[in-house]
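Q: Could you take me through the metal site in this model at close range? I would also like to see how the rest of the chain is arranged around that part.

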Amino acid sequence: MAVLKIVEVGDPLLRKVSRPVEEITPRVLTLLDDMVETMHKHDGCGLAAVQVGVLRRIVVIETVPGEIHELINPRIVAYAGHQEEAEGCLSIPGKAGITSRPAAVTVRALNRKGEEVELTGTELLARAICHECDHLDGKLFTDVQIRSLDEED
Ligand code: NI
């Protein structure tokens, strides 16, 4: 496993739309492992492949220590309610903001075995699912924040 370099805001790659994974190859599995290690190294609770320079629809999320969700080709299929809470991003170091997100989100994806999985999250997990899926469409939390938490802004 390896810690990968994180692409930071200002790099046009973060604004690109990621492509679906067509086949779960050994390369995809290595990428998943490396993304988890990179997320851990930076104490993040989620990471999208584009953030390590790979334009594929892959995200990893860990909002509860030890509960790692590896989602390939994730798509949000249901959402409910509303929450306004703080959010940050490993690609936007030092910044945080309050975002408007659904209170609960259900996502469907493939796991590393190619099996269809469904995950429903509330609170932080719902925010993380939305945040990471947004990355796959070139969107950043600063696009949906309703208030910056940075003093200089
Ligand atoms: Ni992010």
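A: Happy to; what follows starts at the metal site and then widens to other residues and the whole chain.

Please keep in mind that this is a predicted model. The nickel ion has as its protein donors Cys 89 through SG, His 131 through NE2 and His 135 through NE2, and these lie 2.0 to 2.3 Å from the ion. Read along the chain, the donors of the nickel ion follow the spacing C-x41-H-x3-H. Cys 89 sits in the loop between β4 (83-87) and β5 (97-101), while His 131 belongs to helix α2 (residues 123-136), so this pair ties together parts that are 42 residues apart in sequence. If you are setting up this site, remember that water is not among the atoms, so sites may look incomplete.

How covered are these donors? Cys 89 is buried, with a relative accessible area of 11%. His 131 is buried too, and its relative accessible area is 5%.

Another cysteine deserves a look here, namely Cys 45. With a disulfide taken as two cysteine sulfur atoms within 2.5 Å, the count comes to zero disulfides. Cys 45 is accordingly in no disulfide, and the nearest cysteine sulfur is that of the nickel donor Cys 89, 9.9 Å away. Cys 45 counts as partly exposed, at 32% relative accessibility, whereas Cys 89 is buried.

Now to a loop residue, Asn 111. Asn 111 lies in the loop between β6 (104-110) and β7 (116-122), and it is buried, with a relative accessible area of 16%. The side chain of Asn 111 is joined to that of Glu 115 by a polar contact of 2.7 Å. Once neighbours within four places in sequence are left aside, Asn 111 is in contact with Ile 24, Glu 70, Ile 72 and Val 117. From C-alpha to C-alpha, Asn 111 and Leu 71 are 5.7 Å apart in space, although 40 residues separate them in sequence.

Ser 18 offers a second packing example. Its place is in the segment before α1 (26-41), and Ser 18 is buried, with a relative accessible area of 3%. Not counting residues up to four places away in sequence, Ser 18 touches Val 50, Leu 55, Arg 56, Arg 57 and Leu 136. Leu 136 falls within the residue range of helix α2 (123-136), the helix that carries His 131.

Stepping back to the whole protein, the secondary structure comes to three helices and eight strands. From the N terminus on, these elements run α-β-β-β-β-β-β-β-α-α-β. The radius of gyration is 14 Å, close to the 15 Å that the globule rule gives for 153 residues, so the protein is as compact as a globular protein of that length. Its C-alpha trace spans about 45 × 35 × 30 Å along the principal axes.

As for packing overall, 44% of the 153 residues count as buried. Among contacts with a separation of 6 or more, 66% come from residues 24 or more positions apart. The accessible surface of the protein comes to about 8000 Å², and 50% of that belongs to carbon and sulfur atoms.

Definitions and conventions. Residues numbered from 1 in each chain as written. Predicted model: local features only at pLDDT ≥ 70, side-chain atom pairs only at ≥ 80, totals over all residues. Heavy atoms only, no water. Donors = N, O, S within 2.8 Å, 3.2 Å for Na, K, Ca; no water. Helix = DSSP H or I, 4+ residues; strand = E, 2+ residues; numbered from the N terminus. Buried < 20%, exposed > 50% of the residue type's maximum accessible area, 1.4 Å probe, protein only. Contact = heavy atoms within 4.5 Å. Polar contact = N/O pair within 3.5 Å; in protein donor to acceptor, adjacent residues only side chain to side chain. Rg over C-alpha atoms; globule rule 2.2 N^0.38 Å. Areas by Shrake-Rupley, 256 points an atom, 1.4 Å probe, with all protein chains shown as cover.
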